Amino acid sequence: MNLFLLMTASIDPRGMKDAKFSPTERLKMYCDAFQFYFNLLKNTNLLDGIVFCENSGFDLEKMKFFFPGLSELKNIEFISLSPNLFDIEKGKGYNEQLMIDLAFKQSQLLSQECHVFKVTGRYPIFNAKKLIGDVCKRGDGVQLFCDQRDHSLYDWLGIKKQGHYGETRFYCVSKEFYMMNFYGHYRELHSGRTSEMLMFEIAQKNYSNKNCFFRFPREARINMPSTIPLTFLGFSVPPAKQKSFFKGYFLFADMIRFLFPWFWF
């Protein structure tokens with residue numbers, strides 16, 4: 001499988017609504033995440049390269065400064081997109097989807113037929129090696145490998161939480177499938193229609209497609225800063241208790257995925 005990691009980034013949010021952290025803080029997060037995935041590239045044979053795509057006009061030379069020698073590597077590519085191409089009023093989903101479209105069009109590494117494992121750049125997935133390994137086990141025939149949430153549990157319990165959406169912080173897609181099903185659909189997205197909705201609809205249309213997979217066998221360990229407020233089923237989790245909460249949650253979630261693979265929770 002010709003598989004590349006695509007990291008999407010917006011280092012300077014330029015006043016985007018609900019954006020968190022300053023450009024300096026965000027740069028540090030992106031550098032830490034890049035280092036994590038760069039180590040994965042060096043130490044495993046799962047990935048063929050990394051494409052880092054940024055859309056705020058931030059000078060990526062400032063980021064490359066922290067990683068001397070990257071310019072000599074042919075399997076690492078940095079793409080800087082003009083912020084004038086993006087509309088911060090339309091929200092994260094619109095802009096990230098457009099960024100992925102442009103990455104496929106402008107990237108040299110992605111110019112050939114390939115697969116992309118897309119990740120949201122700021123937060124490393126600590127068990128990415130296992131998730132990517134799950135994809136590779138399926139072989140070149142994979143068209144889409146995502147984490148679909150499709151259940152009515154919250155409706156039954158009267159909880160105001162969405163049980164029908166597609167995970168867009170990470171997924172794997174073949175270039176051919178992306179161009180046929182995702183490309184250009186950023187135009188439909190805005191604050192009332194998210195990329196998660198688009199992913200859900202595309203995945204749902206392909207439930208009978210034997211080359212599409214809608215559930216990873218394990219929960220993604222996404223490293224979220226403890227400074228971000230966390231709620232679970234309507235209850236607030238204090239920052240001091242988030243580490244122990246996540247440990248228990250991941251164990252529970254993995255068990256549910258193993259025992260009830262048909263329950264897309």
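By a cavity I mean a set of grid points, over the protein atoms alone, where a 1.4 Å probe fits but cannot get out. Good morning, everyone, and please keep that definition in mind for the next few minutes. What you see above is a predicted model.

Let's begin with the empty space. How many cavities of 30 Å³ or more are there by this rule? The count comes to three. The largest cavity has a volume of about 70 Å³.

Which residues line that largest cavity? If you have the structure open, please find G93, E96, Q97 and I100, then T168, Y171 and F182, and finally S195, L198 and M199. Two helices, α3 (91-106) and α7 (195-205), each supply at least two residues of this lining. Helix α3 gives the largest share, with four residues. As for the chemistry, the lining of the largest cavity divides into five nonpolar residues, four polar ones and one charged one.

Now to the sheet. It is an open sheet of seven strands with mixed pairing, and the order runs β3-β2-β1-β4-β8-β5-β9. Which strands sit at the edges? They are β3 (76-80) and β9 (212-213), each of which pairs on one side only.

I'd like to stay with β3 for a moment. Its pairing with strand β2, residues 49-54, is in the parallel sense and extends over five bridges. Two of the partners can be picked out by eye: F52 has F78 of β3 as its bridge partner, and V51 has E77, again in β3. So is this edge strand mostly covered or mostly open? β3 is mostly covered, with four of its five residues buried.

One last stop, and it is a glycine. G133 lies in helix α4, which spans residues 128-138. Is G133 buried or exposed? The cut-off for buried is under 20% relative accessible area, and G133 counts as buried because its relative accessibility is 14%. For a sense of where that is, compare the position of G49: 84 residues separate G133 and G49 along the chain, and their C-alpha atoms are 15 Å apart.

To recap, we have looked at three cavities of 30 Å³ or more, an open sheet of seven strands, and a buried glycine, G133. Thanks for listening, and I'm happy to go back to any of these views.

Conventions:
Residues are numbered from 1 along each chain as its sequence is written. This is a predicted model: local features need pLDDT of at least 70, side-chain atom pairs count only at pLDDT 80 or more; totals for chains, interfaces and linings use all residues. Side-chain values use heavy atoms; hydrogens and water are left out. Buried means under 20% relative accessible area, exposed over 50%, partly exposed in between (1.4 Å probe, protein chains only). On a 1 Å grid over the protein atoms alone, a cavity is a set of points where a 1.4 Å probe fits but cannot get out, and a pocket is an open set with protein on both sides within 12 Å along at least five of seven lines; lining residues have an atom within 4 Å of a point. Grid points are joined across faces, edges and corners, and a volume is the space filled by probe spheres set on the points. Ala, Val, Leu, Ile, Met, Phe, Trp, Tyr, Cys and Pro count as nonpolar, Asp, Glu, Lys and Arg as charged, and the others, Gly among them, as polar. Two strands pair if DSSP finds at least two bridges between them.
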